[in-house]
Amino acid sequence: MGKRQRPVKRLKRLNAERASGRTAHAGQTRLTTHSIGVLPILNRILEQMKLEEFLQDYLPPEDGRTKLRSHRALMVLIRNTLTARAPIYGVGEWACRDAPDLLGLTEADMELLNDDRVGRALDKLYKADHSSLALSVAAHVVKRFNVQLDQLDNDSTSISFFGA
């Protein structure tokens, strides 16, 4: 019968497997490549929307035990939803292909990104004043992108979500 791995050793092994990018070794040289895709364009739009700043302003204060800030986890989830639509349990694995800085993360943050942390960030979003958050983002986007509202019909009385 095989040896059981201790949880700490297993976690270190999983984190090593989830290192960001792909790495090639040749002698003393190490080359790490990351996927870039559409992220630079998407990031420019998200920056102009100031979405991360609005999230920081409207999310409840972080718990002292928080290792990955909620607004960062939510921004990764938004990028994932717009580019790949991986399920929440797969966001960490999806993120490992991309350059951490294009996801607004550091290498250390990449190791922390998992479905539990994304779930806690979503809990924080649920506790936030999301009506005011949505209105603030919409007002900023209308002004920033010069959106004409003369023919806009926004029925915000009902919202439906579908999926698992």
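A polar contact here is a pair of N or O atoms within 3.5 Å, and within protein one of them must be able to donate a hydrogen while the other can accept it. Keep that in mind as we look around this model, which is predicted.

Start with D98, where the term comes in handy. You'll find D98 in the loop between α5 (91–95) and α6 (107–112). D98 is buried, yet it has no salt bridge. The nearest side chain of opposite charge belongs to R97, and that sits 5.2 Å away. A salt bridge would need a side-chain nitrogen of Lys or Arg within 4 Å of a carboxyl oxygen, so R97 doesn't make the cut. What D98 does have is a polar contact of 3.5 Å, side chain to side chain, with S35.

Now swing over to the β hairpin. Strand β1 (residues 22–26) pairs with β2 in the antiparallel sense, over 5 bridges. To get your bearings, look for A24, which stands opposite L31 in β2. There are 2 residues between the strands, and in this hairpin G27 takes a positive phi near 65°. Is β2 buried or out in the open? Of the 5 residues in β2 (residues 29–33), the number buried is 0, so the strand lies largely in the open.

Last stop: the surface. V38, I41, I45, F145, V147, L149 and L152 form a nonpolar patch there, and together they offer about 620 Å² of accessible area. Take F145 as one of its members. F145 is in the segment after α8 (130–144), and it counts as partly exposed because its relative accessibility is 34%, with the partly exposed class running between the 20% and 50% cut-offs.

How values were computed. Residues numbered from 1 in each chain as written. Predicted model: local features only at pLDDT ≥ 70, side-chain atom pairs only at ≥ 80, totals over all residues. Heavy atoms only, no water. Patch = residues over 30% accessible without salt bridge, like charges linked within 9 Å, V, L, I, M, F, W, Y side chains within 5 Å. Areas by Shrake-Rupley, 256 points an atom, 1.4 Å probe, with all protein chains shown as cover. Helix = DSSP H or I, 4+ residues; strand = E, 2+ residues; numbered from the N terminus. Buried < 20%, exposed > 50% of the residue type's maximum accessible area, 1.4 Å probe, protein only. Pairing = 2+ DSSP bridges. Lys, Arg positive; Asp, Glu negative; His and termini not counted.
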